[in-house]
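The following explanation is written for a reader who is new to protein structure. Please keep the sequence and the three-dimensional view at hand while reading.

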Amino acid sequence: MNVVVCAKLVPTGTPTLGPDHLVVRSGTDAALDPGDEYGLELALQLTEQHGGDVTVVSMGPDEAGQAIQRALAMGASRGVLVSDPSLRGADALVTARVLAAAIGMYPFDLVVAGVESTDGYTGTVPVTVAEILGIASVTAVRRLEPSDAGARIERMTERGYDVYECPLPAVVTVTAGSVEPRFPSLKGIMQAKQKPVDRPSLQDLGSRDLTATQTVTAVTDAPTKAGGEVVQGDEAVGRIVELLAEAKVI
Amino acid sequence: MAVLTVAVTLFWRRARSRLEVLRAARPAARTDHPGERARRELSHVLGQRKLFQKAAPGVMHAFIFWGFLVLLPTIVEAMLAAIDRHWTFPYLGHVAWFAFLQDLFATLVVVGVAIAFTIRKIQRPDRFRGSHMEEADRILLAILGIVTTLLLWNASRIALGIAGHPAAAPVADGLSGLFGAGRGTEVAERVLVWSHLLLVLGFLTYLPRSKHLHIITAAPNVYLATNHPRGYLEPLRIDLDSADADVRLGASVATDLSRKQVLDLFSCTECGRCQEVCPAWNTGKALSPKLLIMDLRDQVAKEAPLITAGAAGIVELQPLVPNAVADQVVWDCVTCGACVRECPVDIEHVDTIVDLRRNLVMAESRFPNEAGAMLRGVESSENPWGQSASARTDWTASVEDIRVLQPGDPPPEILFWVGCAGAFDERAQRTTQSIARLLTAAGVDYAILGPRERCTGDPARRMGHEYLFQMLAEANVEILNGAGVTKIVASCAHCFNTLANEYPDYGGAYEVVHHTELLSALVAEGRLRPDPAGGRGSVTYHDACYLGRHNGRYDAPREVLRAAGAAAVEMPRHGERSFCCGAGGARMWMEETEGTRINDTRFAEAEATGAETVATACPYCFVMLDDAAKAKGSAVRVADVATLLAESTLAEPGG
């Protein structure tokens, strides 16, 4: 089973916004999105058990190579980085188009992504990729096993999980905490440097419609929360009960 | 002559395989400061200093050891006499004092063997669990046989009138009554001298493959012991850009061990003193430092032919973990160094354990899952808590006038190294605040690095991630040197140890003091005036391993407590023999599921003193013992020495 994993480089500290209202991505501390590590771990476990290779695809500035190196250190065998100045500020739709085109260049049975990035939180890219590729998608996956129909998938719900039979190829997003991502060994980090990283150009991808469909016109800080009410003394218990009742918790 | 040749040849053939294993091992750079090493030979080997850490076994061993030193020439004397009963040393063979020494020390050896058997057969201490008891019995009986035949031989010579000074050898003289003066005694004399010699030579051939090899290996092992404070780990430089084959990532197979590490294995006599003090073993964990050394030794011995052949070709050695030592054993260690302190022959268990961890973490990425969060935190956020750097100054919110050293600022007289625990852990923050208030009250010119401070790398290093440590050490040294820092006060015993002992290897040489030392000095100088009448009640001080045993700082925290008006009571295990809180060696970030909890065990010991307060001097100890107190619902308070001093000194101690 060949798996393509989508990976993103995200800022590790508090991200800063540039004059164009976009996150400054160069020269800041950044790492592979921790949310992506779950998908990657699931993919690595699948290929370790059932054969096949893991390819990591990322779109971003040159620094996104770090995220790919991390994924290669964890055990992926090939990296693909799509980097082009014209993609700066790409919205979710453009990102999905680019990723879909890049994924299409490689043989795959499964595409794995995190549920959402931990910087943008749109959560729409993976399903859009599935739509563009014309394949099925299942979100919030906690377990996946190959089956006769393709894959047997457990999807997290509020109450527990649903079980799906899904034809392959498909796109799945993996829930945080469903697997324990491995910590790359130093040997892995060293070997990662020898692994191939393809850098297809936009022409190679043959993508059209790469103009952002959305622009950020203004950014306003969320209003800070007003301080809560501090209850003390003998009346505290009664007051807390009142407040909980007001909040319709009890 | 033929017998001698056979024995020596056998000995040499057996010893050579050990020697070749040593030769094939990684060289250990342990020959600096020969003066200090020679002094250690005098105290540890000749003086038997570490043996005397236990009284009866110390006397037992010293009698046997000194006895054998004195009796070594006797072997040659016996050989000469074996050829011709009248042959002896030109000078020694004729003087009364040598006859006296021989008689005295042979007797002392007999006494020593008797003590040994009493300990082993009647006392039966638990430290021998897992040791080869029958082998020990064989060795002791052989020793007994050697000296008894010697004494009886001398007695027979007295009876025959060959010996010059019967009065100088009262024991042999007394025994000579057993013999007549006739033909029978002449035969007995021959039989005895030959029995003595055959026993000695037989023992020689038995040595190389037995645990008794220590009589040859112990002295060099003591010589090669580290000259650094015990908390120091030797750096393993990792350059990721060099060729794969050149990068050593700790100890995977036997040939990855250094000569000192291999010599350690051949020096162990299985006395179990290390096992007796090990916090892991004492709380029902799999790790015993003694069994670890024995298991590694057995694998190295088993693979000896492969190892020595390996110099010429490629061999498949089995990984030491899990073949010789189970994974869990390697992770049980708190790196408290109690084993190393007890070991009479200076075996360095902790260094070997860390080397095994290095391979598991850096090459195999195999370690207890839960510790991954710590490594991730240190890797991406530069602190084990995974907090953002900007939160490092959160604790200053309730303390006035904390100077955060900005780039380009003039350096303070003392840099206060807060440490990650002191900055992020809610309980440890109280200690940090107490220290800051005290320093301000004493008018000390100090500053903190704030967000520019990173983890020293200690937890990563003790966990085995040497590369992560190296990166953090280099980054911290760059900041500290760039800021012109010359003197540092650290509140965490682990930071203290790393900054003081390990950063010099990375270009960071500073005068590093622990906060208890600085506070003690400030009190002595009169810059802090605690009110001794404040009455802190009875306090028992828990020595942090990385402050006490690893760095010899025992007095300063106790002085501070006295100044604060505390009535000190000591736990049975204190000072050099303090018992770990359970958090060292990155155990702070690992689950403790086997046996009883180390912190509970230690806290119970503290509670049993009847003290109202347990004082600590390290945030790890504080958190571990406080957890234990809370779990037990105990009324005993756990607090840092600095907090207690602040309460006695400051009008508003806060915190």
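The paragraphs below treat the model as a whole, then chain A, then chain B, and lastly the contact of the two chains.

The structure is a predicted model. For the complex, the predictor reports an ipTM of 0.79 and a pTM of 0.90. Chain B has an average pLDDT of 93, and 98% of its residues score at least 70.

Chain A may be considered first. It contains 7 helices and 11 strands, and its C-alpha trace spans about 70 × 50 × 40 Å along the principal axes. Of the 250 residues in chain A, 36% are buried. Among the contacts in chain A with a separation of 6 or more, 71% are between residues 24 or more positions apart.

A useful place to look within chain A is strand β10, residues 170-174. Because 5 of its 5 residues are buried, β10 of chain A is largely enclosed by the rest of the structure. A:Ala170, A:Val172 and A:Val174 point one way from this strand, whereas A:Val171 and A:Thr173 point the other way; all are buried.

Which strands pair with β10 of chain A? One of them is β6 of chain A, residues 110-114, which is joined to β10 in the parallel sense by 5 bridges. Within β10, A:Val172 is the residue that stands opposite A:Val112. Strand β7 of chain A, residues 136-147, also runs parallel to β10, and 4 bridges join these two strands. Here A:Val141 stands opposite A:Val174 of β10. In general terms, the strands of a sheet pair through backbone hydrogen bonds, in either a parallel or an antiparallel manner.

Helix α2 of chain A, residues 65-74, is mostly covered, with 8 of its 10 residues buried. The buried residues include A:Ala67, A:Ile68, A:Ala71 and A:Leu72, and also A:Gln69 and A:Arg70. An α-helix has 3.6 residues a turn, so residues three or four places apart point the same way. After α2 of chain A comes A:Gly75, which has a positive phi near 140°.

Attention now turns to chain B. This chain is divided into domain 1 (31-216), domain 2 (244-364) and domain 3 (375-655). The centres of domain 2 and domain 3 of chain B, taken over C-alpha atoms, are 31 Å apart. Where these domains meet, 20 residues of domain 2 are in contact with 23 residues of domain 3. On the domain 2 side, the elements that give two or more residues are α16 (338-342) and α17 (349-364) of chain B. Helix α17 of chain B gives the most, with 6 residues. By character, the residues on this side of domain 2 divide into 11 nonpolar, 5 polar and 4 charged.

Chain B also contains an open sheet of 4 strands in the order β6-β5-β7-β8, with parallel pairing. Why is one side of β6 and of β8 of chain B left without a neighbour in the sheet? These strands, residues 567-569 and 637-640, stand at the edges and each has a single partner strand, so one side of each has no neighbour there. On average, neighbouring strands of this sheet are turned by 35° against each other, direction ignored. Strand β5 of chain B, residues 538-541, pairs with β6 of chain B in the parallel sense over 3 bridges, and B:Val539 stands opposite B:Ala568 in β6.

Helices lie against this sheet. Helix α25 of chain B, residues 555-563, packs on the sheet and touches β5, β6 and β7 of chain B; its direction makes about 170° with that of β5. Helix α27 of chain B, residues 619-632, lies across β7 and β8 of chain B and runs at about 170° to β8.

Further parallel pairings involve strand β1 of chain B, residues 414-417. It is joined by 2 bridges to strand β2 of chain B, residues 446-447, where B:Ala447 is the bridge partner of B:Leu415. Strand β1 of chain B also pairs in the parallel sense with β3 of chain B, residues 487-490, over 3 bridges. In this second pairing, B:Val489 of β3 is the bridge partner of B:Phe416.

Finally, the two chains touch each other. How many residues does each chain bring to the contact? Chain A provides 14 residues and chain B provides 16 residues. On the side of chain A, the largest share comes from helix α5, residues 186-192, with 5 residues. The residues of chain A on this side divide into 6 nonpolar, 5 polar and 3 charged.

Key: Residues are numbered from 1 along each chain as its sequence is written. Chains are lettered from A and ligands numbered from 1 in the order in which they are written. This is a predicted model: local features need pLDDT of at least 70, side-chain atom pairs count only at pLDDT 80 or more; totals for chains, interfaces and linings use all residues. Domain bounds come from an automatic or database domain assignment. Two residues are in contact if their C-beta atoms, placed from the backbone, lie within 7 Å. Ala, Val, Leu, Ile, Met, Phe, Trp, Tyr, Cys and Pro count as nonpolar, Asp, Glu, Lys and Arg as charged, and the others, Gly among them, as polar. A residue is buried if 20 or more other C-beta atoms lie within 10 Å of its own, exposed if 12 or fewer, and partly exposed in between; C-beta atoms are placed from the backbone. Two strands pair if DSSP finds at least two bridges between them. Axes are lines fitted to C-alpha atoms, for helices over the stretch in contact, and angles run from 0 to 180 degrees between N-to-C directions. pLDDT is the predictor's confidence in each residue, from 0 to 100.
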